[in-house]
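Subject: Structure handover

Dear colleague,

I am passing on the structure we spoke about, with some notes on what turned up when I went through it. Please look at it first, and then read on.

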Amino acid sequence: GGMPQPFDRVLRAGMSGNDVVIVQGMITRSPYVNVTGFVEGEYCNATVAAVTHFQNGNKIQADGVFGPDTAETLLKLHTDDAYVHGYGVNDTLSDGYVYLVRIDVHKDRNIEVNASLLIGTPLKEAMKFRVRLHGKSFAPNQFSNDGDTPTGLAAIDLNSPEPDARDYGPYPINRVVQGLEGNFKILSPNIRNGILIHTGEWPGWNPSENMPNSNGCIHGHPEDIRTLWKTLVSIGVKVRNNTFGKLPYRYTPQGLLSVQGIP
């Protein structure tokens with residue numbers, strides 16, 4: 001069989017690319033792999049060793065080559081990053097961050113959930129709002145383009161509205177700037193860039209219905225995304241000129257997004 005998404009080629013010594021970054025980020029979650037010294041994005045000797053240990057431990061023919069069986073097994077066992085929220089009510093944010101959007105999301109992304117906005121020192125819940133973290137149905141996992149919103153911790157920042165109000169809504173959006181933990185750390189911003197918290201003027205949609213699927217963004221109801229923006233500005237968060245995903249990001253991110261997977 002062919003390689004499962006996000007992989008589109010068999011990987012072996014001497015290759016390089018974002019697909020290697022994903023392998024390196026995931027494979028260290030295996031109890032059979034205790035390897036350091038990866039050259040990021042290079043299928044180096046350490047990567048060969050890690051893949052070989054993973055294959056041995058999981059009873060796959062051990063050749064150090066990342067082929068279909070190894071890829072299927074890695075995705076099945078270690079897509080889940082086991083990330084748990086680092087901050088909650090009554091905690092204090094570090095590193096100058098002034099707000100936290102906190103979400104528990106089910107494996108079944110068709111189930112919409114409540115996000116919490118936490119602000120203040122110590123943190124208090126300022127609002128709860130309904131969100132959808134479901135990517136395109138053709139994208140099977142968080143590592144594929146247009147797949148589900150990743151889990152983990154990321155730095156985010158408030159940006160001026162996207163010009164396309166139909167798809168992104170008329171209000172300022174929150175942009176994922178830098179992954180810090182979990183799957184976000186592997187993916188953002190270099191592999192999956194442009195993950196936003198936004199709404200839309202979705203044709204034919206009404207607020208009693210589930211929201212449409214995204215390309216990996218977090219969708220919220222229009223009035224909630226408006227309230228989120230207003231609340232952030234009221235505590236001194238600046239609306240940055242929208243960077244439209246240009247890297248490197250040119251501002252210091254003001255907030256955090258924490259997404260924990262639950263059953």
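A residue is called exposed here when its relative accessible area is over 50%, and buried when that area is under 20%. Pro248 has a relative accessibility of 72%, so it counts as exposed; this proline sits in the loop between H6 and S8. Its C-alpha atom is 10.0 Å from that of Gln178, although Pro248 and Gln178 are separated by 70 residues in sequence. Please keep in mind throughout that this is a predicted model.

To begin with the whole chain, the secondary structure of the protein consists of six helices and eight strands, and along the sequence these come in the order α-α-α-β-β-β-β-α-β-α-β-β-α-β. The radius of gyration is 19 Å, close to the 18 Å that the globule rule gives for 263 residues, so the protein is as compact as a globular protein of that length. Along the principal axes, the C-alpha atoms fill a box of roughly 55 × 40 × 35 Å.

Of the 263 residues, 52% count as buried, while the surface that the protein exposes comes to about 12,000 Å², with carbon and sulfur atoms supplying 48% of it. When contacts between residues at least 6 apart in sequence are considered, 60% of them join residues at least 24 apart. As for charge, the mean position of the 23 positive charges and that of the 26 negative charges are 3 Å apart.

Turning to single elements, helix H1, which covers residues 18-27, is mostly covered, with eight of its ten residues buried. Among these buried residues are Asp19 and Gln24 as well as Val20, Val21, Ile22 and Val23. What do the buried residues of H1 pack against? Their partners are helix H2 (45-57), helix H3 (68-78) and helix H5 (182-187).

The loop between helix H6 (222-234) and strand S8 (255-262), where Pro248 was found, is also the place of Asn242. This asparagine has a relative accessible area of 7% and is buried, whereas Pro248 is exposed. The side chain of Asn242 makes a polar contact of 2.8 Å with the side chain of Arg175. Arg175 belongs to strand S5 (residues 173-181) and, because its relative accessibility is 3%, it counts as buried too. Leaving out residues up to four places away in sequence, Asn242 touches Asn159, Ser160, Pro161, Glu162 and Ile173 in addition to Arg175.

A last residue to look at is His219, which lies in strand S7 (residues 218-220). Is His219 buried or exposed? With a relative accessible area of 5%, His219 is buried. Its side chain is joined to that of His198 by a polar contact of 3.4 Å, and it also reaches the backbone oxygen of Pro212 at 2.9 Å. Beyond its neighbours within four places in sequence, His219 is in contact with several residues, including Arg130, Val131, Arg132, Trp202 and Met211. Gln24, the residue of H1 listed above as buried, is 30 Å from His219 between C-alpha atoms, and the two are 195 residues apart in sequence.

With best wishes

Technical notes. Residues are numbered from 1 along each chain as its sequence is written. This is a predicted model: local features need pLDDT of at least 70, side-chain atom pairs count only at pLDDT 80 or more; totals for chains, interfaces and linings use all residues. Side-chain values use heavy atoms; hydrogens and water are left out. Helices (H or I, at least four residues) and strands (E, at least two) are DSSP runs, numbered from the N terminus. The radius of gyration is taken over C-alpha atoms; the globule rule is 2.2 Å times the number of residues to the power 0.38. Buried means under 20% relative accessible area, exposed over 50%, partly exposed in between (1.4 Å probe, protein chains only). Contact means heavy atoms within 4.5 Å. Accessible areas come from the Shrake-Rupley method with a 1.4 Å probe; for residues, only the protein chains shown count as cover. Lys and Arg count as positive and Asp and Glu as negative; His and the chain ends are not counted. The place of a charge is taken as NZ of Lys, CZ of Arg, CG of Asp or CD of Glu. A polar contact is a pair of N or O atoms within 3.5 Å; within protein, one must be able to donate a hydrogen and the other to accept it, and residues adjacent in sequence count only if both atoms are side-chain atoms.
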